[in-house]
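Here's a walk through a structure, written for someone just getting started. Keep the picture open while you read.

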Amino acid sequence: MAVHTSQSVAKAAGDDVARGRSRGTGNPPPPSRLRRALSTHWYAWTMVAPVVVVIGVIIGYPLVRGIYLSMTDANERNVERSIGVNHSPATYKFVGLDNYTEALTGNQFLGTLGWTLVWTVSCVAITFSLGMALANILNRRIAGRSAYRMALILPWAIPGFVSVFAWRFLYNEDRGLLNKILSGGGIDGIPWLNDPTWAKFAVIAVNVWLGVPFMMVALLGGLQSIPSEQYEAAEMDGATAWQRFRHITLPGLRPVSTTVILLSTIWTFNMFPVIYLLTRGGPGEATQILVTQAYKFSFEISPRDFAQSSTWGVLILVLLMIFAAVYRRVLRTQGDDW
Amino acid sequence: MTTAPATTVPATSARHSARKVRLRGERSPIASVGLHLTLIVASVIAVFPVLWVLLTSLKPAAYATTTDFFKETTFENYTNLIQNTKFLTWFGNSLLIAGLTTLLGVIISASTGYAVSRFRFPGKRGLMWTLLITQMFPVAVLIVPIYNIMAGMGLLNQPAGLVITYLTISVPFCAWMMKGFFDTIPREIDESGQVDGLTPFGTFWRLILPLAKPGLAVTAFYSFITAWGEVAYASAFMVGEDNLTLAGGLQLFVNQYGAQWGPMTAASVLIAIPAALVFLFAQRHLVTGMSAGAVKG
């Protein structure tokens, strides 16, 4: 066994070419092939096993189950449950794609989707522009740089729900600081969270506030990895600051910015805490995004509507996967190896 | 090229500053003032809400909504919070859950990241894709089935249930980040370990992990913050005042009948402190970490 192990070690240490060859030549009959694979890869598999198990149990099974639930009429009244000693079995039934047709033809889903798109696009665009601007400033030689950096990263260090409550405190219509300042200036208080339009503005502002530090740090890391020779060469050729930004900084940041835009689009699309804690989706349903609405279906209305909640969840997932695929394809046609 | 070792970053920035010396002459005083003004405005916006909560927590609860910066500074909100609410219980719950998530998350994502970075094995591509796609899963599609599973296993209202759930959020991202980190550590180090007779696990544990400390710090930070600040699962899985985490507990102070701003601001400050400490510890590595790991992954 010890010999076996050290063999595998030697194999693992070899470069990819060597391993590729050993894989190519090793094509014996099935049983011994499995054993060979096991003896070659057992340590790699051992190391990834915890992740595979956790993902399989906590994401794989729930996902399959969620997809199944979305094709039933499950709700609080007909799922399996126990009240005291009474145990009632599940009585919900399979309804095929009815939930999906209902969601896609009704107004509620499409309306919520529309606002979710506005929310995502504006949040990502504003966050990215601000993060880019600040990263560029911080990348210069400027007095007090690290102090500024610490201050600007602060919103990231504070747990999201705490910051959201802090903002709720500032937004409070009668007593919040923002309105007190406005009334000090002789302006009527603004119903920040009670008027549909202002509430939309307010949730976007808070999400931007929360998201800028991540963008800034990621883009700053990207800026520092652009070789300074490129800038020097451009200066020799007499390029203006704007031209340097346009033709060196932006292309140099491409790998970083494509990744952070993709990630932050996904995160913003699914941003639960900001909406849930700031407005609970209100006033009315004005700021409800898809995720909070789906959560509401399964935990806040009575009877809890598990089927509809799952349907929305699956639709969210499908939308995001389409987005990621299209995004990747667009990048690829532009010649990015991603 | 895409995996420029993290160690070259200081070197590049040094060269940067050399270049900036020349550029500095080109920046007019007005531009400097403008830059500083922008940064000051941005910093104030970033810091103010947090600072305001801190200041409010030090005022007597009756004056919580006054606009004065200081008013009869007192710690009564804090004593009140600790003596009359279950705050310490919630704090303990959160600390336990976040601590366990961090510990397990770091171990799991480091070993996964290492395996994905160093070995070529069947199922590797599939695993990488799964880790990436997992990020897209909305809470909404998983929460009901996970709730049912946890109920079936008797893990509702148990810290273990939330820890397992949080691992599914933090591990995929962290594993990608750790892979990026391990990619920057030369393979020759692994090989030298094997020459000296270490097993793959020994190499990983005794040679590579110590070198990947910045990556581990970033991973730990991310796991901790994820668990410390998560709201949706915590609100759904934990009920009863004794089982709440901080995210759930804080919601009790704000309801539709009004808000108790006094204890709430005090609680916010106490919640923010551990997070900020973890952050201070990790932030040194954050820029390098983000660029080496997540971004170039």
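How many residues of chain A are in contact with residues of chain B, and how many on the chain B side?

## Where the two chains meet

Keep in mind that this is a predicted model. In it, 86 residues of chain A touch 87 residues of chain B. On the chain A side, helix α3 (residues 30–69) of chain A gives the largest share, with 18 residues. Sort the chain A side by class and you get 61 nonpolar, 16 polar and 9 charged residues.

## How far to trust it

The model as a whole comes with an ipTM of 0.74 and a pTM of 0.78. For chain B, the average pLDDT is 78, and 84% of its residues reach at least 70.

That confidence isn't spread evenly over the elements of chain B: helix α4 (residues 87–118) of chain B has the highest mean pLDDT, 90, while helix α1 (residues 8–24) of chain B has the lowest, 44. Residues 1–22 of chain B stay under 50, and the model gives them 25 contacts beyond four places in sequence. Residues 293–297 of chain B are below 50 too, with 26 contacts beyond near neighbours in sequence.

## The two chains by numbers

Chain A has 14 helices and 2 strands. Out of its 338 residues, 38% are buried. Now look at contacts in chain A between residues at least 6 apart in sequence: 65% of them join residues at least 24 apart.

Over in chain B, you'll find 13 helices and 2 strands. Chain B has 297 residues, and 48% of them count as buried. Of the contacts in chain B with a separation of 6 or more, 79% are between residues 24 or more positions apart.

## Two helices crossing in chain A

Let's zoom in on helix α6 (residues 145–157) and helix α9 (residues 196–224), both of chain A. Their axes come within 7 Å and cross at roughly 120°. Because of that angle, α6(A) is called oblique to α9(A). The crossing is a left-handed one.

Who does the touching here? From α6(A) come A:L152, A:I153, A:P155 and A:W156, and from α9(A) come A:W209, A:L210, A:P213, A:F214, A:M216 and A:V217. By class, this contact has 10 nonpolar residues, no polar ones and no charged ones.

## An enclosed helix

Is helix α13 (residues 290–299) of chain A largely enclosed or largely open? In this helix, 9 of the 10 residues are buried, so the rest of the structure largely encloses it. The buried residues are A:L290, A:V291, A:T292, A:Q293, A:A294, A:Y295, A:K296, A:F297 and A:S298.

One of the elements alongside is helix α14 (residues 306–333) of chain A, whose axis comes within 7 Å of that of α13(A) and crosses it at roughly 160°. The two helices are therefore roughly antiparallel, and their crossing is left-handed. On the α13(A) side, A:L290, A:V291, A:Q293, A:A294, A:F297 and A:S298 meet A:F306, A:Q308, A:S309, A:W312, A:G313 and A:I316 of α14(A). This contact splits into 7 nonpolar residues, 5 polar ones and no charged ones.

## Two residues to find in chain B

First up is B:S94, which sits in helix α4 of chain B. Why does B:S94 count as buried? B:S94 has 26 C-beta neighbours inside 10 Å, and 20 or more is enough for a residue to be called buried. Leaving out residues up to four places away in sequence, B:S94 touches B:W228, B:T245 and B:L246. Try finding B:L244 as well: B:S94 and B:L244 are 150 residues apart in sequence, but their C-alpha atoms are 8.3 Å apart in space.

Next, have a look at B:N157, in the loop between α6 (139–153) and α7 (159–183) of chain B. B:N157 has a positive phi of about 65°, although it isn't a glycine. With 16 other C-beta atoms within 10 Å, B:N157 is partly exposed.

Notes: Residues are numbered from 1 along each chain as its sequence is written. Chains are lettered from A and ligands numbered from 1 in the order in which they are written. This is a predicted model: local features need pLDDT of at least 70, side-chain atom pairs count only at pLDDT 80 or more; totals for chains, interfaces and linings use all residues. Axes are lines fitted to C-alpha atoms, for helices over the stretch in contact, and angles run from 0 to 180 degrees between N-to-C directions. Helices (H or I, at least four residues) and strands (E, at least two) are DSSP runs, numbered from the N terminus. Angles under 35 degrees count as roughly parallel, over 145 as roughly antiparallel, 65 to 115 as roughly perpendicular and the rest as oblique. A crossing is left-handed if the near helix is turned anticlockwise from the far one by less than a right angle, and right-handed if clockwise. Two residues are in contact if their C-beta atoms, placed from the backbone, lie within 7 Å. Ala, Val, Leu, Ile, Met, Phe, Trp, Tyr, Cys and Pro count as nonpolar, Asp, Glu, Lys and Arg as charged, and the others, Gly among them, as polar. A residue is buried if 20 or more other C-beta atoms lie within 10 Å of its own, exposed if 12 or fewer, and partly exposed in between; C-beta atoms are placed from the backbone. pLDDT is the predictor's confidence in each residue, from 0 to 100.
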